[in-house]
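Here are my notes after going through the model, point by point. Keep the structure open alongside while you read.

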Amino acid sequence: MKETGIIFNIKKFAIHDGPGIRTTIFLKGCPLRCWWCHNPEGLRLEPQKITIENKNEKEKLASWETQEIIGREMSVNEIMEEIKKDIIFYEESNGGVTFSGGEPLMQLEFLYSLLHECKKQHIHTALDTSGYSSLEDLKKINNFVDLYLYDLKIMEDQNHIKYTGVSNKQIIKNLKYLSQNGKQTLIRIPIIPEITDTAINITQLGEFISSLNNVKRVIFLPYHRIGKNKYDKLKMEYKMKDIQSPTNEKMEEIKNDFENFGFQVKIGG
Ligand code: SF4
């Protein structure tokens, strides 16, 4: 157990991170480097100082810089105080708390402590994860997680390595483990033009998810360019320069293809 960790956001009244009204806690740090990541401020484990260039739009010549720190150390008690403020909303909406990131499993001991405290308070817990951890680490927190929001991206491993920086072998192995244990899991697939939306990848994803016995619902997350400004502020390279968001028609087409595998499919959220 660890009593403090680094977080970079707490989102109240979240309605897209699992059932009901939720509080989403964003833990800093992720071992992946997905080209399309829209939370680049969550990638590094430690707090980061960024410089923001401000411009006065009326007087074009005036500009000044301000600094901001992303991420801060918080204790389990401090976070639980925030979480407990909204217990009444979780109860009325069948909601709860979602741990997201970054990759929350990267701060395993801290995550364990938070999940443990939530279950002591009988609060529903969801884990938004890339699935990239050792099986041993996953097993450690598994009993305290009610629902997994599990990201699947690319089935072909060399492409997975190219676009995320890591192999998908452990991710697939961990998902199979959750399936064998009947753990409630919702799969989320980012739809990235020319990267994850190819016919072969969609077919391979559909076939693999069909082989699992714990997944009935799949959510497609269409790529958007909202994160681009953050890359500029963080002075990080944005690799998605020429790629645009998928059209509604394309999203519907992929949704129909996927529904043929027998899943309920939702776009967004
Ligand atoms: S796993 Fe999620 S947080 Fe990590 S790099 Fe990929 S999109 Fe970003």
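1. Aspartate 232 is a residue of helix H8. This is a predicted model, so read the numbers here as computed from predicted coordinates. Is aspartate 232 exposed, partly exposed or buried? Its relative accessibility is 42%, and because exposed would take over 50% and buried under 20%, aspartate 232 counts as partly exposed. Have a look across at isoleucine 52 too: the C-alpha atoms of aspartate 232 and isoleucine 52 are 9.4 Å apart, with their places 180 residues apart in the sequence.

2. Staying in that part of the chain, lysine 235 sits in the loop between helix H8 (228–234) and helix H9 (248–259). Its phi is positive, about 55°, although lysine 235 is not a glycine. As background, most residues other than glycine have a negative phi. With 67% relative accessibility, lysine 235 counts as exposed, because the exposed class begins over 50%.

3. Phenylalanine 13 is another one to check on your Ramachandran plot. Phi there is near 55°, again positive in a residue other than glycine. The setting is a strand, though: phenylalanine 13 belongs to S1. At 45% relative accessibility it counts as partly exposed.

4. Next, the loop that follows S1. Glycine 20 lies between strand S1 (4–14) and strand S2 (22–27), and at 27% relative accessibility glycine 20 counts as partly exposed. What does glycine 20 touch, leaving out residues up to four places away in sequence? The contacts are Ala14, Ile15, Ser93, Asn94 and Gly95. There is also a C-alpha separation of 6.8 Å between glycine 20 and tyrosine 90, which are 70 residues apart along the chain.

5. If you are scanning omega angles, stop at glycine 101 and glycine 102. The peptide bond from the one to the other is cis, with omega near 15°. Most peptide bonds are trans. Glycine 102 is in the loop between strand S6 (96–100) and helix H3 (108–120), and Gly102 is also among the residues surrounding the ligand. I'd keep both points in view when you look at that loop.

6. On to the ligand itself. Which residues surround the ligand? They are Cys30, Leu32, Cys34, Cys37, Leu43, Gly102, Ser130 and Lys153. Sorted by class, that shell holds five nonpolar residues, two polar and one charged. As for where the ligand sits, it is in the largest pocket.

7. That pocket deserves its own entry. The largest pocket holds about 980 Å³ of space. Its lining counts 37 residues, and those nearest the centre are His38, Asn39, Asp128, Arg188 and Leu221. Several strands take part: S1, strand S7 (124–129), strand S9 (185–191) and strand S10 (217–222) each give at least two lining residues. S1 has the largest share, with four residues. The chemistry of the lining is 16 nonpolar, 12 polar and nine charged residues.

8. The second largest pocket has about 290 Å³ of space. It is lined by 17 residues, and Pro19, Leu147, Leu149, Leu186 and Arg217 lie nearest its centre. Which strands each supply at least two residues of this lining? Strand S8 (147–151), S9 and S10 do, with S9 giving the largest share, three residues. By class, the lining has six nonpolar, six polar and five charged residues. S9 and S10 also each contribute at least two residues to the lining of the largest pocket.

9. Last, the enclosed space. How many cavities of 30 Å³ or more does the structure hold? There is one, and the space in the largest cavity is about 30 Å³. Leu152, Lys153, Ile154, Met155, His160, Asn168, Ile171 and Ile172 line the largest cavity, a set that divides into five nonpolar, two polar and one charged. Lys153 turns up in this lining and in the shell around the ligand as well.

How values were computed: Residues numbered from 1 in each chain as written. Predicted model: local features only at pLDDT ≥ 70, side-chain atom pairs only at ≥ 80, totals over all residues. Heavy atoms only, no water. Near = heavy atom within 4 Å. 1 Å grid on protein atoms, 1.4 Å probe; cavity = no way out; pocket = protein on both sides within 12 Å on 5 of 7 lines; lining within 4 Å. Sits in = over half its atoms within 2 Å of the grid points. Nonpolar A, V, L, I, M, F, W, Y, C, P; charged D, E, K, R; others polar. Buried < 20%, exposed > 50% of the residue type's maximum accessible area, 1.4 Å probe, protein only. Contact = heavy atoms within 4.5 Å. Points joined across faces, edges and corners; volume = space filled by probe spheres on them.
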